Amino acid sequence: MTLKYINAVISDVSNDNSLPVLDGNLGPSAVDIQTLYSRHSLLAFDPGFRSTASCKSAITFVDGDNGVLLYRGYPIEELADSSNFIEVAYLLMRGELPDAKSLKEFQDLLHQHNLLHEQIMTFYRGFRRDAHPMAIMVGVVGALSAFYHDVMDISDADSRYLAAVRLIGKMPMIAAASYTYSIGRPQRYPNNKLDYASNFLQMMFGSPVMEYTVDPVLARAFDVILILHADHEQNASTSTVRLAASSGANPFACIAAGIASLWGPAHGGANEAVLKMLNDIGTVENIPKAVTRAKDKNDSFRLMGFGHRIYKNFDPRSRVIQEQAKKVLAHLGKDDPMLEIAIRLEEIAIKDEYFIERKLYPNVDFYSGIMLRAMGFPVNMFTAVFALARTAGWVSHWLELQEESHGIDRPRQLYVGKPLRHYPAKK
Ligand code: CMC
């Protein structure tokens, strides 16, 4: 591979007014390079999308330098404080907060679509009983496309909206069943007298033989977790959903693709990895050793729950979640040594030159696992909870893409393989 510099390759790119600079409403401007190849026979190379805006979007804005996150213009802190997940899901999908009547209609619609077809329940039985809930979720959500493919017309706005509602409505039962199946407990059905968070908690923790009373403090804390994870602009899983959707694929299959992408430890799987890391650290005395390992380039160990591709400042969600984690632990009268280790680890890391220089701060996953664990969630359900929340964001991006489709997404590549060569002649 040869290395040249842009002005040595073409001198007129910088003066080319076919490459306009586009201004968004907030955030950096973007050079529109759509005609770069046709006019200059050049491709842009940006494999990790560090400098590439893959689409226009009006849903969520992140200012990573200043630690700002807005859903449709509303700061995440205000939504976490005053809103609820259903209202936020409506906001993400529709662009505006609902009035009381629209909220009630939306809630009723979700209730109407929160049950899984009984045949879907037979899918669960095909999984090993110790299957990871995310593996089950990928399979079951993908399988929903087999149930709603023929009735789905993605060229019709009402049909698209119904698919989005079905996904948000059914996801709590899908996620809860991924857990109850693994412990061999019969799955409970949704209860339409309950709100979204409470309903998930009763399906997750309730048993068919005992009344389950939802603790309103835990339900509210869980609702905040859902709000905080609902969307985060063009992250890996959302981009996966968009890429899959750009071919016109079935929405349930597209969301299954998003779940697969979310699962990795660099993305949604990080909350699970944080708990494992805190557990391995074990005591406050071992923190300096862990920090030293995280800084060692010859060691693959990283501080899980630290760093973010976009946030070069505190992730605003981590502040809210730290507060919630403390509230939940106090409410439950639990004194989790993990919380102490996490707080001390954060204090030590954010004062360390390595982390300061690289602008590595705690992200949303750093405290969410502690809180979920205190609420009784097994570690392997943490990412499933993330998927439950992020469904609101995924379907919003799916809806947005369908409205403004620019055709199929088809990245190019910088080919570094063999040049043309010929199959050896047979002797
Ligand atoms: N611990 C130690 N060093 C780190 C860490 C970390 N957690 N994160 C980044 N670095 C270092 C990295 O080694 C590199 O150092 P150098 O410049 O000397 O080579 C520098 O910081 C820049 O890192 P990067 O890999 O270029 O950053 P990235 O934007 O590609 O990766 C990340 C972002 C989130 C994948 C990464 O910070 C990471 O692996 N963090 C731990 C996993 C995690 O918490 N993920 C959850 C992300 S938030 C939830 C979500 O969006 O899904």
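I count helix axes as roughly parallel when their angle is under 35 degrees. I apply that cut-off here to a predicted model.

**Helix pair.** I looked up helix H15, residues 316-332, and helix H18, residues 365-374. Their axes come within 9 Å of each other. They cross at roughly 25 degrees. That angle falls under the cut-off, so H15 and H18 are roughly parallel to each other. I also checked the hand of the crossing between H15 and H18, and it is left-handed.

**Ligand shell.** Next I turned to the ligand. I find 22 residues around it. His-267, Arg-302, Leu-303, Gly-305 and Arg-309 come nearest. I sorted the shell by class: ten residues are nonpolar, six are polar and six are charged.

**Polar contacts.** Which atoms of the ligand pair with Arg-302, Leu-303 and Asn-363? For Arg-302, an N or O atom of the side chain is 2.8 Å from a ligand oxygen. For Leu-303, I note a polar backbone atom 2.7 Å from a ligand nitrogen. For Asn-363, a side-chain N or O atom lies 2.9 Å from an oxygen of the ligand.

**Burial.** I then read off the ligand's area. Taken alone, the ligand exposes 940 Å². The protein buries 79% of that.

How values were computed: Residues are numbered from 1 along each chain as its sequence is written. This is a predicted model: local features need pLDDT of at least 70, side-chain atom pairs count only at pLDDT 80 or more; totals for chains, interfaces and linings use all residues. Side-chain values use heavy atoms; hydrogens and water are left out. A residue is near a molecule or strand if one of its heavy atoms lies within 4 Å of it. A polar contact is a pair of N or O atoms within 3.5 Å; within protein, one must be able to donate a hydrogen and the other to accept it, and residues adjacent in sequence count only if both atoms are side-chain atoms. Accessible areas come from the Shrake-Rupley method with a 1.4 Å probe; for residues, only the protein chains shown count as cover. Ala, Val, Leu, Ile, Met, Phe, Trp, Tyr, Cys and Pro count as nonpolar, Asp, Glu, Lys and Arg as charged, and the others, Gly among them, as polar. Axes are lines fitted to C-alpha atoms, for helices over the stretch in contact, and angles run from 0 to 180 degrees between N-to-C directions. Helices (H or I, at least four residues) and strands (E, at least two) are DSSP runs, numbered from the N terminus. Angles under 35 degrees count as roughly parallel, over 145 as roughly antiparallel, 65 to 115 as roughly perpendicular and the rest as oblique. A crossing is left-handed if the near helix is turned anticlockwise from the far one by less than a right angle, and right-handed if clockwise.
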